[in-house]
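Colleague: I'm new to this one and would rather get to know a single part properly than skim everything. Could you pick a spot, take me through it closely, and then show me what else is worth a look?

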Amino acid sequence: MEKRTDVLIIGGGPAGIVCASTAKNYYPDKKITVLRSVQNSVVPCGIPYMFYSLKKPEDNKMGYEGLESAGIEVLVDEAVSINRKEKYVETKSGTKYYYEKLVLATGSLPIIPKITGIEKKNIFSIYKNLDYLKDVVEKVKESKNVLILGGGFIGVEIADEISKLEGINVYLVEMLPHLLAQSFDKEFSVLVEEKLRSKGVNVLTNAKVIEFIGDEKVRRVKLEDGREIDVDVVLLGIGARPNSELAKNTGLEVISTGAIWVDEYMRTSDPDIFAIGDCALKRDFYTRRNTAVMLASTATAEARIAGANLYKIKLIRENKGTIAVYSTYVDGLVLASAGLTESNAVREGFEIVTGTFEGIDKHPGTLPGVNKTKVKLIFSKHSGVLLGGQIAGGMSFAELINLIGVAIQQRMTASELETLQMATHPYLTCAPTVYHVVMAAQEAISKI
């Protein structure tokens, strides 16, 4: 069977969805088709909350009604090859989809560590497939001992969620000295470690799993220091790699990390093929080096750039690089980070100063629901330009990281942040007299 479309998007995740809607907005007369390989996919950021917070796993199902109502064709089929010369994609069903412009939004795949016994049953990677994840959730709820391997965002959030289920011992194993170590400095990582331990999670840092022991199913986990832990279920959350085999097999340029090479407008080495999201190359905002950041927020920004410029560069919306803006929520504690941490800035050779301020998120402090808060900003010592920021606080504090992200993109200085004009309200923000970003900037200025 042969079908024709103008814009073919392979991948139905956040990047694919946003690219399709953006392209329809800029090129309303073009026929746009989205191919997704999974019948029932999920909202990636909602995966941890399928274990407890959501009433049922199906509540995290990805919806495509908005695309279809906009006249975008959404089909379930798996692309297996690309013929760049004749400009068609062949799928598992044997269908050939001819295109004018092709967008690869194939995402990422979980990293499977090379650990003895990894093939045993009840050891699960985190795939973005609802039917698969429903089985994982069921197995977890039937267990007494669950071990999560990897102390990044997904590991921390899943550990928090499972700890809310009665009768389950939760172990979180991270080989680095601290949780979330790639995104936060030590003083912020400690906050989430303390929070998880207060909830009964067994947080094991500086720990390495070397063997999964059992018959057909995993029964115990052996650590490098000789300790063994009884387990019923193991969840692997140690990261992901770009899903770029389709691109590689068709001769598109793929870099050593496995990511598809793209230019500032998300164009691959073939001018009629774009790549966006986890499968595409990311460049660091500061150094322009390749970076392995994989975030839905980054993917959707890239999707808007590609969707707007598929046929013509209508807007100068080049990819300025990846700032890496993260946020997470653990039992009332909000942690978020944007740009460089202090440790990463020093490692990259920047001469820096930092400013830190601790306070509360309402004023006066006698109001109900007050939370302790902390802001840390990192600046270039000589130029005063903002390089990064981290926050910790309650729910009302969460959006502050996006203000910091904008300030980084606009290369704002400590002096500009010191004179920031802001809206405040007793229930919504800290006091204008001690607004955290301003106070942290002031402390940094005193060191410049």
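Modeller: Let's start with helix 1, where Ala15, Gly16, Ile17, Val18, Cys19, Ala20, Thr22, Ala23 and Lys24 are buried. Buried means under 20% relative accessible area, with exposed over 50% and partly exposed in between (1.4 Å probe, protein chains only). Helices (H or I, at least four residues) and strands (E, at least two) are DSSP runs, numbered from the N terminus.

Before going on, this is a predicted model, where local features need pLDDT of at least 70 and side-chain atom pairs count only at pLDDT 80 or more, while totals for chains, interfaces and linings use all residues. Residues are numbered from 1 along each chain as its sequence is written, and side-chain values use heavy atoms, leaving out hydrogens and water.

Back to helix 1: it has 13 residues and reaches 18 Å from its first C-alpha to its last, close to the 18 Å expected. That expectation is 1.5 Å times one less than the number of residues. And what covers its buried residues? The cover includes strand 2 (7-10), strand 3 (32-36), helix 2 (65-69), strand 8 (101-104) and helix 7 (296-308).

Now zoom out to the largest nonpolar core, which has 50 residues, and where Ile9, Leu102, Leu104 and Ile276 have the most contacts inside it. Helix 1 (residues 14-26) supplies the largest share of this core, six residues. Such a core is a set of buried Ala, Val, Leu, Ile, Met, Phe, Trp, Tyr and Cys residues joined through side-chain atoms within 4.5 Å. Apart from it lies another core, of 40 residues, with Ile168, Leu180, Tyr326 and Leu333 among them.

Ile9 shows how helix 1 links up with its surroundings: setting aside neighbours within four places in sequence, Ile9 is in contact with Gly16, Cys19, Ala20, Ile32, Thr33, Val34, Leu35, Val103 and Ala105. Contact here means heavy atoms within 4.5 Å.

Cys19 deserves a second look, since it is buried with a relative accessible area of 0%. Why has it no sulfur partner? The closest cysteine sulfur, in Cys279, is 11 Å from the sulfur of Cys19, too far for a bond. In fact the structure holds zero disulfides, counting a disulfide as a pair of cysteine sulfur atoms within 2.5 Å.

For something else, try strand 25 (residues 372-380): eight of its nine residues are buried, so it is largely enclosed by the rest of the structure. Nine bridges join it to strand 24 (residues 352-360), running antiparallel, and there Val353 has Phe379 as its bridge partner. Strand 25 also pairs with strand 26 in the antiparallel sense, over six bridges, with Leu377 standing opposite Gly389. Pairing requires at least two DSSP bridges between the strands. Strands 25 and 26 form a hairpin with five residues between them, and Gly384 in the turn has a positive phi of about 75 degrees.

Last stop, Gly388, which sits in strand 26 (residues 386-393) and is buried at a relative accessible area of 0%. Leaving aside neighbours within four places in sequence, its contacts are Tyr286, Ala338, Gly339, Leu340, Lys376, Leu377, Ile378 and Ile408.
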